Amino acid sequence: MSRAHEILQHVFGYPEFRGEQGAIVEHVAGGDDALVLMPTGGGKSLCYQIPALMRSGTAIVISPLIALMQDQVSALQEAGVAAAYLNSSLSYEAADAVERRWMSGGLDLLYVAPERLLNARTLAQLNHTHETGGIALFAIDEAHCVSQWGHDFRPEYLQLSVLSERFPDVPRIALTATADHQTREEIALRLNLTEARRFVASFDRPNIRYRMVEKDGPRKQLFDFVQEHPGEAGIVYCLSRRKVEETAAWLAEQGVKALPYHAGLPQEQRAEHQRRFLREDGVVMVATIAFGMGIDKPDVRFVAHLDLPRSIEGYYQETGRAGRDGLAAEAWMAWGAADVVQQRRMIDESEGNDTFKRLASNRLDTLVGLVEATDCRRQHLLSYFGEAAQPCGNCDNCIDPPKTLDVTDAARKALSCVYRTDQRYGAAYLVDVLRGETTDKVRERGHASLTTFGIGADVDDKLWRSVFRQLVARGFLAVDHDRFGALMLTETARPLLKGEAAFEIRQPVKKTKRLKAGRGR
Ligand code: ADP
Ligand code: ZN
């Protein structure tokens, strides 16, 4: 039996490695760098914990979340591993004791918050340990925090490149569950891991069934959905605290064991609700996204979204909390055009700079592309994570294909407009040109004289947007993030442009009066 296996069984009590764990452990234990992309619950921790025990010296684990750090360290200590952490939650005396233990070589693993790692004192201590060969490896957990455009950006993560500069001979392993192409490249670049071997686990969660319905009395729709899971534990995500409370109260009135959870509730109440969710059967937690991170409950049978998540990443993370035990689970979402409008407004009114807003808006478009898709949802999700897949047979579109609308003509006009304007603009501008709006920009750029100017005046703005989103979602157009989100034609677009293929989108659902009155809920 290999050394790694021995540690896996005797220290951690597991018979076998999962997926690529074994290969990752050998690679890092052998002194090489790695970039590990694995979904939440995939088993990232062992990938550095076991090499930490195989190599001499202390492994330094950089982690941004104090609560998770504490959990991990307690679990390691229970398994008999010499582990400790340094972060702002420790008193001066306690931190001092940890440092002394570290300096005397008494630790296998030391978890540190990034800001702590970067202070002069800790860097000096690292230098000192390094001189005596005392750093086993660096593990950079939640590595996507280095991405400036993500939700979890931590400026200190950008400075972690000092590790490779100062300690080039110490192996580094960066890990994340956030793995869209852009973030992946950003991690590799910013952490000097372009040469590192990449381990990419599949992000598929085959036991989760995806279902998205258009809003039409969302409370009732939610209740009907929850009724399909009697006595089962689930999470219902809402965007605002107020909606969390209202929804939880309403569900409770209908006899559902529903509890609210959001960051504005008193600490004791939150802890109590979380405790009940974990221990009691069949609790439905109605929550903002403040709930879920680091919660390990294997038998969550459903995750429902009453509001549009902010991104595919977010959706994937949140729905990923269902069915960790591998048994059948459901991810259900109710969405409406008004949600899209609301989120777009939130982005416009946010404090971010233009680049931030543009990226947030592209992210929203990608998500809406998934929501509006007429073909397999799982294929869309996985292609976002760079994985090819067959239609899954376990999502609403596979099970019950939606009614579609033939928009071949509009799609062709859209593509030709992209071409005529030299593939330099985003959807909003292209729609102006197609609809024949003589805006200042259109005039400045002389686009009013194009043959495509105004050829789409008969199609409304909303339909145009969804044609563009679907053209992007299905790979007919690519977004150039380096050029302000410009849309470009891809090879896939050729047959459609030449009139050899048809293009259909989801039949827009009946426009209810409610929508017209400007209220989607
Ligand atoms: P991640 O950090 O990727 O979200 P964790 O490292 O927390 O995942 O692991 C998720 C769960 O899977 C934990 O409960 C862990 O103990 C368990 N686990 C990890 N590796 C194995 C394995 N080889 N065999 C059995 N269980 C494992
Ligand atoms: Zn499917």
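Begin by selecting V256, which in this predicted model sits in the loop that runs between helix 12 (241–253) and strand 10 (258–261). Is V256 buried or exposed? Display what surrounds the residue and count: 22 other C-beta atoms lie within 10 Å, so V256 is buried. If you set aside the neighbours within four places in sequence, the residues in contact with V256 are V226, L251 and V284. For a sense of distance across the model, add R184 to the selection, since V256 and R184 are 72 residues apart in sequence and their C-alpha atoms are 41 Å apart in space.

Next, go to N192, which you will find in the loop between helix 10 (181–190) and strand 7 (197–200). The backbone deserves attention here, because N192 is not a glycine and yet has a positive phi of about 55°. N192 has 18 other C-beta atoms within 10 Å and is therefore partly exposed.

From there, move to Y157, a residue of helix 8 (residues 155–158). With 25 C-beta neighbours inside 10 Å, Y157 counts as buried, the cut-off for that label being 20 or more. Leaving out the neighbours within four places in sequence, you can pick out P114, C145 and V146 as the residues in contact with Y157. Select E142 as well, and a C-alpha to C-alpha distance of 9.8 Å appears between Y157 and E142, which are 15 residues apart in sequence.

Now turn to ligand 1 and show the residues around it. Which of the 13 residues around ligand 1 come nearest? They are Y14, R18, G43, K44 and S45. Colouring the whole shell around ligand 1 by class gives four nonpolar, six polar and three charged residues.

The following stops concern pairs of helices. Two packed helices are described by the angle between their axes and the distance between those axes.

For the opening pair, select helix 2 (residues 21–29) together with helix 3 (residues 45–54), which pack at an angle of about 40° with their axes 8 Å apart. Helix 2 and helix 3 are therefore oblique to each other, and the crossing of helix 2 past helix 3 is right-handed. To see where they meet, show Q21, I24, V25, V28 and A29 in helix 2 and then L46, C47, Y48, I50, P51 and M54 in helix 3. By class, this contact of helix 2 with helix 3 consists of 10 nonpolar residues and one polar residue, with no charged residues.

Then select helix 19 (residues 408–420) and helix 20, whose axes come within 10 Å and cross at roughly 110°. Such an angle makes helix 19 roughly perpendicular to helix 20. On the helix 19 side, show K413, A414, C417 and V418, which meet L430, V433 and L434 in helix 20. Six nonpolar residues and one charged residue make up this contact of helix 19 with helix 20, and no polar residue takes part.

Before leaving this pair, select D422 in the loop between helix 19 and helix 20. Phi of D422 is near 65°, a positive value in a residue other than glycine. With 10 other C-beta atoms within 10 Å, D422 is exposed.

Keep helix 20 (residues 427–435) on screen and bring in helix 22 (residues 461–473): the axes of helix 20 and helix 22 come within 10 Å and cross at roughly 130°. Helix 20 and helix 22 are therefore oblique to each other, and their crossing is right-handed. The contact is made by A427, L430, V431, L434 and R435 of helix 20 and by D461, W464, R465 and F468 of helix 22. Sorted by class, the contact of helix 20 with helix 22 has six nonpolar and three charged residues, and no polar ones.

End the tour at R435, which lies in helix 20. What surrounds this residue? R435 counts as partly exposed because it has 17 C-beta neighbours inside 10 Å. Apart from neighbours within four places in sequence, R435 is in contact with G454, G456, A457 and D461. As a last selection, take V459 along with R435: their C-alpha atoms are separated by 7.6 Å, although the two residues are 24 residues apart along the chain.

Note on methods. Residues numbered from 1 in each chain as written. Chains lettered and ligands numbered in written order. Predicted model: local features only at pLDDT ≥ 70, side-chain atom pairs only at ≥ 80, totals over all residues. Axes fitted to C-alpha atoms, helices over the stretch in contact; angles between N-to-C directions. Helix = DSSP H or I, 4+ residues; strand = E, 2+ residues; numbered from the N terminus. Parallel < 35°, antiparallel > 145°, perpendicular 65-115°, else oblique. Left-handed = near helix turned anticlockwise from the far one by under 90°. Contact = placed C-beta atoms within 7 Å. Nonpolar A, V, L, I, M, F, W, Y, C, P; charged D, E, K, R; others polar. Near = placed C-beta within 6 Å. Buried ≥ 20, exposed ≤ 12 C-beta atoms within 10 Å, placed from the backbone.
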